[in-house]
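Me: I should like to learn how to read the features of a protein model. Could we work through one together?

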Amino acid sequence: MTGGITFTFGGVRINDRAQVMSTGWAPVAGLYACGEMVGGLFHGNYPGGTGLMSGAVFGRIAGAGAAGE
Ligand SMILES: Cc1cc2nc3c(=O)[nH]c(=O)nc-3n(C[C@H](O)[C@H](O)[C@H](O)COP(=O)(O)OP(=O)(O)OC[C@H]3O[C@@H](n4cnc5c(N)ncnc54)[C@H](O)[C@@H]3O)c2cc1C
């Protein structure tokens, strides 16, 4: 038997454009996050597959934002 930590549920806050939010709730210019770096998506538990799904979805959004799309 061994314990496993899938993810911490913790991380930086982002908005729907994957921009990292400051403590004053304003987007930090030019700073994006996705995947394990992001907190607040899950509470208590999570549906199967959503760890990788959130990374893929917000990764696409963050990449597009960082590229200026
Ligand atoms: C045991 C386990 C089981 C899981 N099972 C599932 C599942 O069944 N379904 C699901 O959806 N999710 C699952 N997850 C969660 C999922 O794996 C993660 O949510 C996902 O992999 C996060 O992707 P990421 O790209 O954000 O981070 P990571 O996959 O952690 O990628 C980060 C990468 O950055 C690299 N890195 C770190 N520091 C540096 C540096 N300074 N310079 C360059 N590179 C660096 C690391 O080596 C790593 O390759 C599981 C996680 C664990 C631990």
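**Reading the fold and the ligand shell**

Reply: In this predicted model, 12% of the 69 residues of the protein count as buried. The C-alpha trace spans about 45 × 25 × 15 Å along its principal axes.

Me: Which pattern does the protein follow along the sequence?

Reply: The order is β-β-α, made up of one helix and two strands.

Me: How should one read the length of helix H1?

Reply: An α-helix has 3.6 residues a turn, so residues three or four places apart point the same way. Helix H1 covers residues 50-66, and at 1.5 Å a residue its 17 residues should span 24 Å; the end C-alpha atoms lie 23 Å apart, which agrees. After H1 comes Gly68, with a positive phi near 85 degrees.

Me: Is Ser22 buried, exposed or partly exposed, and why?

Reply: A residue counts as partly exposed when its number of other C-beta atoms within 10 Å falls between 12 and 20. Ser22 has 13 such atoms, and is therefore partly exposed. Ser22 sits in the loop between strand E1 (19-21) and strand E2 (27-32). Its C-alpha atom is separated by 30 Å from that of Gly48, 26 residues away along the chain.

Me: Which residues are around the ligand?

Reply: They are Gly4, Thr6, Phe7, Gly35, Glu36, Gly49, Thr50, Gly51, Leu52 and Gly55. By class, this shell divides into seven polar residues, two nonpolar and one charged.

Me: What share of the contacts between residues at least 6 apart in sequence join residues at least 24 apart?

Reply: The share is 54%.

Technical notes: Residues are numbered from 1 along each chain as its sequence is written. This is a predicted model: local features need pLDDT of at least 70, side-chain atom pairs count only at pLDDT 80 or more; totals for chains, interfaces and linings use all residues. A residue is near a molecule or strand if its C-beta atom, placed from the backbone, lies within 6 Å of it. Ala, Val, Leu, Ile, Met, Phe, Trp, Tyr, Cys and Pro count as nonpolar, Asp, Glu, Lys and Arg as charged, and the others, Gly among them, as polar. Helices (H or I, at least four residues) and strands (E, at least two) are DSSP runs, numbered from the N terminus. The expected span of a helix is 1.5 Å times one less than its number of residues. Two residues are in contact if their C-beta atoms, placed from the backbone, lie within 7 Å.
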